[in-house]
Structures are given as structure tokens and as C-alpha cells.
Protein chains: 2
Amino acid sequence: MDYIAPVKAIHLALDDVAGLADDLAAGLHGDLDHEMPAHILEEAGRFAGETLAPVDREGDRVGARFANGTVTLPDGWPAIYKAWAEAGWNTVDLPPEWGGMGLPVRLATACMEMWTSACMSFSLGPVLTQGAVDALELHADRALKEKYLPKLVAGEWTATMALTEPQAGSDLAAVRTRAVKAEDGTYRLSGQKIFITYAEHDLAENIVHLVLARLADAPPGTKGLSLFLVPKFLVGDDGTLGARNDVWCTGIEDKLGIHASPTCSLAFGDHGGAVGWLVGAENRGLACMFTMMNKARLFTGVQGVAVAERAYQRALAYAKTRRQGRAAGAPPDQSSLIVAHADVRRTLMTMKAMTAAARAIAYAAAAAIDRARHARTADEREAAERLAGLLTPVTKACCSDTGVEVASLGIQIHGGMGFVEDTGAAQQYRDARIVPIYEGTNGIQAIDLVTRKILGPGGAITEATIAVYREVGTAAGAIAEPRLRLLGGIVGEAADALAQATAWLRAPERTPEELLAVATPYLRLFGLAAGVAYLAKAALAARARREAGDNDPIHADTIATAYFYAQAIAVGAPALARVVIASADALPGPESLSDFAA
Amino acid sequence: MDYIAPVKAIHLALDDVAGLADDLAAGLHGDLDHEMPAHILEEAGRFAGETLAPVDREGDRVGARFANGTVTLPDGWPAIYKAWAEAGWNTVDLPPEWGGMGLPVRLATACMEMWTSACMSFSLGPVLTQGAVDALELHADRALKEKYLPKLVAGEWTATMALTEPQAGSDLAAVRTRAVKAEDGTYRLSGQKIFITYAEHDLAENIVHLVLARLADAPPGTKGLSLFLVPKFLVGDDGTLGARNDVWCTGIEDKLGIHASPTCSLAFGDHGGAVGWLVGAENRGLACMFTMMNKARLFTGVQGVAVAERAYQRALAYAKTRRQGRAAGAPPDQSSLIVAHADVRRTLMTMKAMTAAARAIAYAAAAAIDRARHARTADEREAAERLAGLLTPVTKACCSDTGVEVASLGIQIHGGMGFVEDTGAAQQYRDARIVPIYEGTNGIQAIDLVTRKILGPGGAITEATIAVYREVGTAAGAIAEPRLRLLGGIVGEAADALAQATAWLRAPERTPEELLAVATPYLRLFGLAAGVAYLAKAALAARARREAGDNDPIHADTIATAYFYAQAIAVGAPALARVVIASADALPGPESLSDFAA
């Protein structure tokens, strides 16, 4: 088994960083059995390690295959998907009303991490389906819900998000797919969509597309987009599948990675119009999509954590079996395991600490989403909603960047073997690269963070969040143990740097262009400050557990990881604040960007 | 044409950073026509853009194919290689005695950059051949030289470096290939080599392997390695090809990238022994390899520059044609070119500035190699040799890391299109990833820098080099123009940070383990300090050219690029010095590195 779900580390992060145990004890999730999280994590991790991980490499080699309008996934995948769905794994945080388990988003996040570590191409279908469930639950009318949600929640059918068109990627205002209302109240859609994940496959008997399209009399731009449900097969009132709808897969992309996840082009209405049902109000399609954005972006960020974790496990296993050279102080005439070389260990610790920080940020964002739904008071729910909005772009961008960087370091640990496709390290480097791109590029995330969150109506949550980070730094800094004391100091420095950069962004003389020019380094700075603060929080909890007599060596490991992250990575925070403050004026205008080639 | 050789930028870097015009004027390269460099660069750039670049994508798709012991390169490659060699391009800096042009290594470096930008898989064969020429010229006896060098210099035959074995990657002490002396003074080799670049192909009629092997009575470790010349076809005294030698390609690797560059496994002596000729003295094989290491590592680093340049050109071209969204201040109802978005421009400038810095470092290293050979006095030559030794690991590691990072940013500029294989952006991300690995991993480079260079016998060159960087900072800081003044300050800060970290490394209480633990961040710091200093040097020269009446807009661009690099990237130097000084103690021992999985 080449992936072993790090259940203990995940559970500790859920409890000690993301406050899951506390929230359960406080009754935020009803009468949920406090043993339930451990049980869920164990079982989801077992499925990941035993069933999904073994098919990951072959899935990459074979890939999804397209022929005559149909897509075939690798051998065995339909049975695996069926087993996964029948075990209830599609339903973790979905609403009980429609058959879901109704568990915290934090648990769904952790499960998704494990399945994605095991096989990213497999996990993407469920991510889309679950996102569609959220959208339908919030915006569809009762009849649509009753017809579709039980099947989608159970995973018997899957769903897609059909947004992108050739001219409309980051800019959905440019969507051209048209919808015309029919006499029976349904709509007929026509147009082309591209880059639609899992829009055709052989895992389930029906595929439900949520499609952004434009009515004839709609206003231009995003205010003229409506959301439609367009099933592959029409569904009778008794739930049976009827006629094939006029939506067709016209091809799949030849991609760098996630080869077994089909990325489809879809043609709507080539034969008279695809039948669609309106979800939400006309011209409110983008708002319907936005309501599910925090969770969708959280799950995307988690993909970065997941790839990083798998890359770390693979690299560590290699470093503990590959012998090369003699480490400092090793006996002569025997080559050392490469893990004994300090430079190799630095790389491994960098991978491990970055992964832990990314996980901590993602789980903190998941906690905010849970609390936005379940906190006791409206004020608490609103504050949590704002925190979720703040942490979501940070999670999506920082965790996805972490996935790419850690996967690249994983190749490096393997040396020449990392560059050949056999080891799987190369596959992760390829798979990871999509995550900073889709579900809003990381540049879009940075712009969202600065313009809608930091400078938006909920700006006060930023100060409150920085104050929380400072408190963690103060608490760690007050501890006599030198590593915790130093860690606390670095947390404080990073929080100060973030406060300084935030104040600069908020100064009234800033121009929009200046803000956009430094959005990316600001987001990175936020990620460093958040990462080191959450790891310090974990370290403080680990120390408390040890003081309470828990001698599990993982607690020493948690403290060591936080300390390494602080000393080797987070000390870069002040320099990033300086980049935010001083580099906007260094950015040339579009006209002067040239390569002076030839 | 999707690659246009940046001849003007390259020529300016050669003259203004690497002092080529000055050295030519001083007569260091004999009576070389001062028009020659421009001519060479133009013609090499033309070949790159017109002939090599167009076959790069197809080469990736088709790849090198192995069947029945032979390797076939993509259609058309033999003819292209023949045209390239017949134009004399294999011979740029090779010795005139054997048919070479005898031009400065700086020019060969620049040519190699352009060919590699155009088609990395193509350029790797010549890199190996030229390395072998260097080794033979320095160490082979006259008879071997006369038989092989004219053909290898002309590129009629190609060569390999056959070092790696399954158990001997970074650690050549573990080489097991055996050599036995025959009665006629030749040797019989037997053993397996892996990862041998261009060890079998259909571009040339003979392939000459330089093979590290061990004589029966040799001492263990690297002191028992000898270097042998083993041709694919034996060569008669009249230069005609004779019998097939007992060296066979047994397969090629399925790799992440450089698909058209065959990475071969070789079997020596399966049918009685491969006939080899000793190069240099017995048991001195590693020393023979080491003498060519600076140039080989320089050329490897240049591959990173080359991929980065191509990725930048591709991304810039995309950003100037792709429309998406509306930039700040753009008119309504029209989508903007994405280059108009500040965040996109920041990414492009990051790519451009990192590429320029990497190029400047590489050309500075090439200048040191030239001066080590051609400077007037023995003292000057020795100082230049030490500088070459210092800059070589920095070049190899920083430039190769730059290639990976810039190629990744290039994907990001393309959004979803970057993840599909059509654009070529994904190919560069794959191709680039080998460069930090081969020719000594970047970890090995960092260890070489710290243990053999900074703490080695030529340590004084470090202080002299830092002093040169400080002088550049002082000169820029003395200029009234605010950007140059600020640039000068950041150059000075980076030099101070490097000096501080260097002093820490040199403190007598350092343990070997501590030094190895921080070698990588030290190398990165060196790269930042060198990069910003060389770009500042270029900026000062650009200003002088403008003051002398040269109004070419490239000079403003040079200054803008240096300023951006300083404000957005090089300000990280003090934090890296802090990482060097404080993070060794944060590195856990091998026994405590665990993932605590399950």
C-alpha cells in the first residue's frame, strides 16, 4: 500500500486547529456521537488506502478514453465508484433530508483529502456532484429537489458545473450559451461548453449538468446569466430515466495530468435544444453559483494538501530505502540511507511542514463554514461566514501552490528516478498543476481576497483574525521551552507583517491598479501568517496533551514541524510585507512589457 | 515562429554583465573580429527559431522510440542534426587544433541557450558531445585524440558520458562496471549503465561512450575509477568504421519530459567484453570527469535559462492575444487583453526578471571560465578559475530552479489552456523538471558550494565576489534617479546578508551536519545576491548607454527589469540569511522523520 491515510494527524488537526471536538461538545452539530469522527476518518482512510490508491498509477497510464460520444474510465472504476457510493461516502456532509449523513463540513473535507491523496482523478467527480447538491438544495424548487437530490446525494447519479466556454474562462460575463423558455415552462439550451469535469463517463446511469446560460432578453454581463439543470437523460415523474437529452460530449482534453478525470467539451442543442429546468430565479445564475463557492474552493484547496501529503509519503518511503553516499558521521564502507543526509532531510521537512500548514489553513476554513451554518447566534454565524470568505481564497491559492511545490520537491528526493514515470512522483507533479488554475485561478483568488474581503464590507474580520494570530504568538512566546518561545516570536512577527501590509492596502490613497498589482504577494503573506499561527496553535495543543500525560510521539512531531515551518519558511513574512508595500510601482505598464526578441 | 531568439538581450548581457566586448578589446581572445559575436548570435538564433523550434512539439509527442536495440528519433531529426553540424554549430568554443572555431565559452553558452530554448531534447546530444571533447582534449593520449576528436568536434560522431548505474547515482563511489586490461593494451568492459543521454540514436554513424569503470585491482570508492573510451563501432587506423563493439542499448526510459532525448540503458560486455581505451591514468577517472565539470554544469544551468525564456515568450504572446475580463480603467463593453491585468503582468514580470537574473549569473560564470583559460597572468587565471568554481554550483542550481518555476508560471498565465498539452506550456513544465536533477542534483550543488568552495581553499574569492556585488550596489545607490538609488540599496542589503551568512558558515564552532543542513538556503541566498547585483550592473550599463545617446527602448527595459527583481524578489535575501543562521537546529534527526500515517 503506497498511501496510508494519516488519520491521526488529520484528526488532531481537526480537533486542535479547527476545534471540531469543542464544537461537538458544545452541541453545534446536534447529538452527533463524539466517537463518530474517529470512525468516519478510519473508514474513509481505509477505503482510500486499500481501494483507491492502488488504481491511481494505472488510471494515469490508461486515462479516460473518448469514442463516439462516450467516455470510458479505466477498467474497474465503475465497480469502485459503486462501492464507494454504496458505502455512503458521497453523503458525508450532505443534508439528511435528502439522504445525507449531515456531518460537519470539516469531516467531509478530511475525507476528501484522503480520497484525493489516494486518487485525485477519482475524487473529482464527487467534488462536482456534491457542489451541485449544495446549489440545488439552496436554489432549486421543491419539485426539482425531489426528483434529483436523492439520486445525487446517494451518488447514483453524478453532476457537473458547466460554466466555461472558449471565450469565457475567468470571465463568466462572456458566457454565450443561450436558453429559450418553452411553453411548458422548461427551457431549451444551445451552445458549447468546454473544460467540464466528468461531464461524460461510465460510472453512473445519469449525469446532471448545472449550466450557466443566457436568456434572449437578459442584460449583458454576469447579471444576465441564469442557472439551468440539464440532465443527460430526462427523468420521468416516477424517477425512471427517459429520453436522451440533447447534450453531447464532443471530445475530451489531452491534459498534463489527472488523465483519468475526463475534461469534456459539451454541445447543447445541436438537435433542437437541450431541455433544461431553471434553478433559482432568471438572471440570478451567478448568485446561485456564488453561494456554493466557499465550499467548492475549499475542496479545491484540499486537493493541494492531498497531493502534497501523498508526495511526502512517497518521498519519505524512498528516502528510507534508497542508499547513496555516506552521511556525516556514518561508518565507512557502508552507504547511508538518503534520509540520513541533512539536505535530503531539509527537503523532506519542507514538504512535511508546508503540507501541515496547508492542511491547518484548509481545516480552519472548513470550521468557519461549519460555524457559519451551525453557530448558536446570528452574530456568530455572520462572523463565521465572513471568516470563511476571508480564509477561502487563502486556502484555495496557498494550498494549491503547496501541492505543486511539494510535488516538485518529491521528484527531487527521487533523483533521476523521479523523472521517469514509474515511481508516481512525476504523476503527482503533473496532477497537482491543475489545482492553482481551476475553480478561480490563484490570481483571481488574490484579487478576491484584496478587493472583496480585505477592502469589502467584512473587512473588520481581518483585524479580528490577525488579533487571533497575535494571541497565539503571545501564548507560545510566553512558554519557557525555547522552541515554543521562538515560534511564538515568529508568529507575532508574521502577524505584524500582515497587519502592516493590510494597513497599506487600506490607505485611502491607494489606486485600484496598485491594489491589483500586489494582490498575489499579499495573499502569500496571509498564507504564511495563517500557516505559522495555526501550526503554533497545534503545537500549543500538542504541548498541553503531553503535559496531560499523552506520550504519543506525534505530539513532539507536531511541535518540531511548527518550529521548522517558522524558522525555515515563515521568517519570510516581513519581506513579503515589504514586497506588498514597495513593488506596485515596479510593475511596468502593458505597453512596455516586451521580450525584445530578435 | 513561436520562439524568437532574444539576440539583443543576450548580446547586451554578454557585454554588460559578462564583459565580452571588453575582453575582446583587451585581446584576451586573440584577434577575434569584434563583429564576430553579433554574427554568431544572429545565425545561431536564426537556426534555433527557424529550424529547431518548429520540431519541438512534435518531438515531444512522438518521442524517441526504441525497438530491437536501436533508437529512432522523430522524423526529420537526422537531417536537421546534419544541417546543424555542417553549419559548424558543434564547434563554437572547441579547439581549433581539432577543427573547432575556438570562440569564447560565453558565445557557446549563448548559442546553447538559444538552441535549448528552441528544442531542449535536440540540444542535449551536443551538450554531451562537447563535454566529451573537453575531457578527451585534456586527458586522452595523442593517438586517441587524432582518431576521435576531428569527428566529434565536427559533430559527425556524437558522444556520451556513461557514469550512472542503478546503485550509483549521486554516489559514483558505488560504480561497479568492470574493466580488464587486454594484451594489446586495450581494455574489456562489462557492466550496466542507466540514464545515459543520447547513448543510442540515428543522428550520427558512430557514438563514442566515455565510461567510468573499475579495474580489478583498483582501490574502493571514487579513487578506483578509471575513464574509458568505448565506441559503438570500432574505428580503423584510417578512420573507417569497423566491427560493432559489445555495447548495446537495452531500453530507454519513459520520462516526464524531454521525450525526444533518448535516456538509455547500456549493457557492456554481454558478448565477451566491450573494447575500451583508457583516457588519462588508471584510477584517475573521476579527476578526468571533474576537469570538465564547470562547463558541463554551466551548460546544464543554461538549460534552465533557456526553458524560462521560451516559457516567457509563450506566455507573453498568449497574454497579448487572449482577452478576458476588464482591466482597471478599461472601457466598458470590451474585454481586455489579459496583459492589461496587473496580476497577470506581475506574473509575466516575475518570469522575465527571474530569467534575466539567471542568464546574468550563467554568463558571469561563463566569463570566469573564459578568463580561467585566457586571462593575461597566472594570478588572474587562478582567480578566475576559483570564481568559476564558486559560480558554477550557483548557476547550475539557481538557473535550473528558475526554469522549473518560470515554466510553472507560464502554465498559470495560460489558465486552463496551460493544462492541456496543445499550447506547449505543459511540455516546458515537464521538460524543465530534469534540470535540477541531473549533472549533480541541486542539493549536491549546494553541498559543493558550501563545503568545497566557501569553506574550501579558494574561500577568499567569496569575499572578493561579495565586495564586487557591494561595489555595484554602491555605484547604483549613488545615482540620483530614484529607481537606481533604491536598486543600489537592495543590492547592498543582499550582499550584506550574504556576507553575514558566509561568516556564520565559517565560524569555527560549526559542525559538518549544521553546514549541510543549511547548504540549500545558503545557495539560494547566493543566487539572490548574485542575481540582483548582475542585473544592477546591467542597469548601470544601460543607463550609461542611454546617456551616451543610445535610445533603444531595451535599455529602459533593462533598468525596469532590475528594479522589479530587486523590489519583488531580492528583498527576500535578509530572510534567507536568517534561515541559514537559525534553521539548522530546527532540522529533526532521521529517526524522528515520520508521517505518522494511520
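## A walk through a two-chain predicted model

According to an unreviewed UniProt entry, residues 40–156 of chain A carry the annotation "domain: Acyl-CoA dehydrogenase/oxidase N-terminal". Everything described below comes from a predicted model, so please read it in that light. In this model, the span of residues 40–156 of chain A is 66% helix and 5% strand, and its end C-alpha atoms lie 21 Å apart.

The same kind of record also covers a later stretch: UniProt lists residues 480–586 of chain A as "domain: Acetyl-CoA dehydrogenase-like C-terminal", again from an unreviewed entry. That span is 79% helix and 0% strand, and 43 Å separate the C-alpha atoms at its ends.

### How the two chains relate

A turn of 180 degrees with a shift of 0.0 Å along the axis lays chain B on chain A, with an RMSD of 0.0 Å. That is the relation of a two-fold axis. The same surface serves both copies, as 100% of the contact residues of chain B recur in chain A.

### Strands around β6 of chain A

Now to the strands. Strand β6 of chain A, residues 207–215, is mostly covered, with 9 of its 9 residues buried. Which strands pair with β6(A), and in what sense? The table sets them out.

| Partner of β6(A) | Residues | Sense | Bridges |
|---|---|---|---|
| β3(A) | 158–162 | parallel | 5 bridges |
| β4(A) | 178–181 | parallel | 2 bridges |
| β7(A) | 225–231 | antiparallel | 7 bridges |

Individual residue pairs help to place these strands on screen. From β3(A), Ala159(A) stands opposite Val208(A) in β6(A). On the β4(A) side, Arg178(A) faces Arg214(A) of β6(A). As for β7(A), its Leu229(A) is the bridge partner of Leu210(A). It may help while looking to recall that in a regular strand the side chains alternate between the two faces of the sheet.

A little further along chain A there is a hairpin. Strand β8 (residues 233–235) and strand β9 (residues 241–244) run antiparallel and are joined by 2 bridges. Val235(A) stands opposite Leu241(A) of β9(A). The hairpin has 5 residues between the strands, and Gly239(A) takes a positive phi near 85 degrees there.

### A bent helix in chain B

Turning to chain B, helix α12 runs over residues 378–414 and has 37 residues. From its first C-alpha to its last it reaches 52 Å, close to the 54 Å expected at 1.5 Å a residue. Where does α12(B) bend? The bend, of about 30 degrees, is at Leu391(B), and a proline, Pro393(B), follows within four residues. The helix is mostly covered, with 26 of its 37 residues buried. After α12(B) comes Gly415(B), whose phi is positive, near 60 degrees.

### A closer look at Thr350 of chain B

Thr350(B) has its place in helix α11 of chain B, which covers residues 342–374. Is Thr350(B) buried or exposed? Its relative accessible area is 16%, and buried means under 20%, so Thr350(B) counts as buried. Leaving aside residues up to four places away in sequence, Thr350(B) touches Leu409(B), Phe564(B) and Ile569(B). One of these, Leu409(B), falls within the residue range 378–414 of α12(B). Thr350(B) and Ala308(B) are 42 residues apart in sequence, while their C-alpha atoms are 11 Å apart in space.

How values were computed. Residues numbered from 1 in each chain as written. Chains lettered and ligands numbered in written order. Predicted model: local features only at pLDDT ≥ 70, side-chain atom pairs only at ≥ 80, totals over all residues. Heavy atoms only, no water. UniProt positions renumbered as here; feature names shortened; annotations may be inferred. Least-squares fit on C-alpha atoms with pLDDT ≥ 70 in both. Contact = heavy atoms within 4.5 Å. Expected span 1.5 Å × (residues − 1). Bend = angle between axes of the 7 residues up to and from the residue. Buried < 20%, exposed > 50% of the residue type's maximum accessible area, 1.4 Å probe, protein only. Pairing = 2+ DSSP bridges.
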